[in-house]
Amino acid sequence: MARKSNLDYLKQYKQRLDASRRWRKDDGYDATWRRLVDMYRGYHYEDYRDEDRLLVNIAFSTVNIISPNISVNFPKITVNSVKPDEAAQAVVAEAVVNYWWRHKDIRSEFRRAVKDGLIFGHGWIKVGYRFVEEEVVGDDVDPSDPEAEGGESQPITVVLEDSPFAERVSPFDVFVDPDATSMKDIKWIAQRIRRPIADVKSDKRYAKAAREQVSVMAVSRYADDPSRKKIHDKNEGYAEIWEFYDVAAKKMSVFCETSEQFLVKPMPLPYSFGQPFVMIRNYDVPDQFYPVGDLESIEPLQKELNETRTQIMNHRKRYARKYLYKESAFDQYGRGALESDDDNVMVPVTSDEPLGSVIAPMPAVINPPEFYDQTSLIIADIDRVSGVSEIQRGGSPEIRRTATEAALTQDAVNARTADKLAIVEQSIAEVGRRMVALARQFMTGEQVARVTGKDGDPIWIQFDRDYLAGDFDFEVEAGSTQPHNEQFRRQMALQIVDAMAPFAGAGVVDMAKLATYVLQQGFGVKNPDEFMAQAMPPQMAGPAGMPAGMPPAIPNPQQATAEPMGPLTGDPAEIQALLGQQGMIPPQ
């Protein structure tokens, strides 16, 4: 069998992209996603009418109630070694990955992907490695540098960035194999990147001949989104660049649809774990690749709620008391007084007919009271479908419930929240695993990470790729991404004290450690040792002239203060021992 040429591969990849685009269009995925985005931001009416219409954006509140409950705080990623002799490396990997999550602001990107998962049904996180360096010349170089020959400034290379990254990718820009049902069985995955045409032509990472064939595909980064009709810069042209990952063949390439050559020719997948995308899946649908989100199920109810409230508003506007009167019974002054809005106005009647036959109220059409109860019914349906209770929305239920009923209701709500939280924590652990794998694969030199010691003081550890070598399990501490309820934490800590009180007299419980736990976990005290009474030494005869049991004086109190810990160097066993001294891990 003849070997395929690069031209054959390029033609095949473009055909796969066309098939994926047709699949998403025919099944209505792109159109549905755009409707859901519009519904979230309050664009619920597709056509324009010359009349008042009301909008009650329950979709917005639903997403913004669920999202903070599962992804508001920094996660606590725990790393455990699979092999006993790699425990020290696991400690370093845990400190490093948690530091990266904070220092590189990965939480912001991840929260955006979580919101995508709630709206679209899925979100994408791309994990990669970024190495940026530049040459520094001229006044930026120190003439005393030994590399500067003859006292003259010589250009040197400075590394600006050498670390993994994780960023959110729009669901509109990720295309997958149409025959796939999950990330486990995809044959390929591709990302569309719209870049200014000038940047593409000047990017030396791409083949020169292919760069010259690149042409403008759009005048906006969102040219295929009908909701973004305003073009801010019509002079800026954008090219569509595709990063194509052939998972089955384990190859990666970069190309542009208007070019007949690869910008980056097919090469082995650069990452040890394969393709770089992590998918956050919301509600899975059997045998379907794309899950459904929280908004898709309440979309009909949202439209019905808007229509109902609009009808109520228009009915209130049309309701006005009117009167039927005999025109010949009132002169000009009488009609003016009758139409006046002033109170206690005298209306002259010129006719001798009885008043009952001169004026009478016009019958008004009154809608039944049940009509106005439709809003509550629809909102109750939305809460039932979405799993967001009235209490979570900030309201108080009208029906009084017993403590048991309230507990059962809260348990049902917590079950759905826990399910989403488990998905988020699993995705965070996968992102952390890939970041450590990339650092182990591509890191070039030594770096420093900041961790927090036992007393809340920062500790700096120095590491390189060898310190991250090993086989690790990544997990996220349960509930670490949820909002912290300080009152609840304090109550739990005090309840632990009450529960352990019967065991304290028997000497089973270490009261000092229990008090330290209560101060740290319940009240957030960073250095609980300051509250602990120091244990007195045993009674013994002291030096001459000193009473028994009195500790000897310290000539220089500063000698008793431990110096701050510097960067950790040496083998993993030394790192583990030093971290154990700081209270971060127990010494082995």
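Tyr-129 finds its bridge partner in strand 3, at Pro-164. That pairing is a good way into this predicted model. Strand 3 spans residues 156-169, and 13 bridges hold it to strand 2 in the antiparallel sense. Strand 2 covers residues 122-136 and also pairs with strand 9, residues 277-281. Here 5 bridges do the joining, and the two strands again run antiparallel. Trp-124 belongs to this second pairing, with Met-279 of strand 9 as its bridge partner.

Next comes an open sheet. Its 5 strands follow the order 4-5-6-7-8, and the pairing is antiparallel. Strand 4 and strand 8 (262-268) are the edges, each pairing on one side only. From one strand to the next, the twist averages 15 degrees. At the strand 4 edge, 3 bridges make the antiparallel connection to strand 5, residues 188-196. Phe-175 is bridged there to Ala-190 of strand 5. In a regular strand, side chains alternate between the two faces of the sheet.

Now the interior. The largest nonpolar core contains 62 residues. Trp-100, Ile-125, Leu-295, Phe-463 and Leu-468 have the most contacts inside it. Helix 12, residues 403-442, is the biggest contributor to this core, giving 10 residues. Leu-468 shows how such a residue is surrounded. Beyond its neighbours within four places in sequence, Leu-468 touches Val-92, Ala-93, Val-96 and Trp-100, among others. Its contacts also include Val-436, Ala-439, Arg-440, Met-443 and Phe-463. A second core, separate from this one, has 30 residues. Among them are Trp-124, Val-174, Ala-210 and Phe-289. Trp-124 thus links two parts of this account: it is bridged to Met-279, and it sits in the second core.

Is Thr-310 buried or exposed? Thr-310 lies in helix 8, residues 299-318. Its relative accessibility is 5%, so Thr-310 counts as buried. What does Thr-310 contact, leaving aside its neighbours within four places in sequence? The partners are Tyr-45, Asp-52, Arg-53 and Leu-54.

Aromatic rings come next. The count is 27 aromatic pairs. Trp-23 and Tyr-29 form one edge-to-face pair, because their planes stand at 70 degrees, with ring centres 5.6 Å apart. Both residues, Trp-23 and Tyr-29, are buried. Tyr-271 and Phe-273 also have centres 5.6 Å apart, but their planes meet at 20 degrees, so this pair is stacked. Tyr-271 and Phe-273 are buried as well. Ring pairs also build a cluster, made of Trp-23, Tyr-29, Trp-33, Phe-120, Phe-172, Phe-289 and Tyr-290. Phe-289 of this cluster is also a member of the second core.

Last, the confidence. Mean pLDDT for the chain is 79, with 76% of residues at 70 or more. Among the elements, strand 4 (residues 174-176) has the highest mean pLDDT, 96. Helix 15, residues 572-581, has the lowest, at 54. Residues 540-570 stay under 50 throughout, and the model gives them 27 contacts beyond four places in sequence. Residues 584-588 are below 50 too, with 11 contacts beyond near neighbours in sequence. Where pLDDT is low, the predicted coordinates should not be read in detail.

Methods: Residues are numbered from 1 along each chain as its sequence is written. This is a predicted model: local features need pLDDT of at least 70, side-chain atom pairs count only at pLDDT 80 or more; totals for chains, interfaces and linings use all residues. Side-chain values use heavy atoms; hydrogens and water are left out. Two strands pair if DSSP finds at least two bridges between them. Helices (H or I, at least four residues) and strands (E, at least two) are DSSP runs, numbered from the N terminus. pLDDT is the predictor's confidence in each residue, from 0 to 100. Contact means heavy atoms within 4.5 Å. Axes are lines fitted to C-alpha atoms, for helices over the stretch in contact, and angles run from 0 to 180 degrees between N-to-C directions. Buried means under 20% relative accessible area, exposed over 50%, partly exposed in between (1.4 Å probe, protein chains only). A nonpolar core is a set of buried Ala, Val, Leu, Ile, Met, Phe, Trp, Tyr and Cys residues joined through side-chain atoms within 4.5 Å. Rings of Phe, Tyr and Trp (its six-membered ring) pair if their centres lie within 6.5 Å; planes under 30 degrees apart count as stacked, over 60 as edge-to-face and the rest as tilted.
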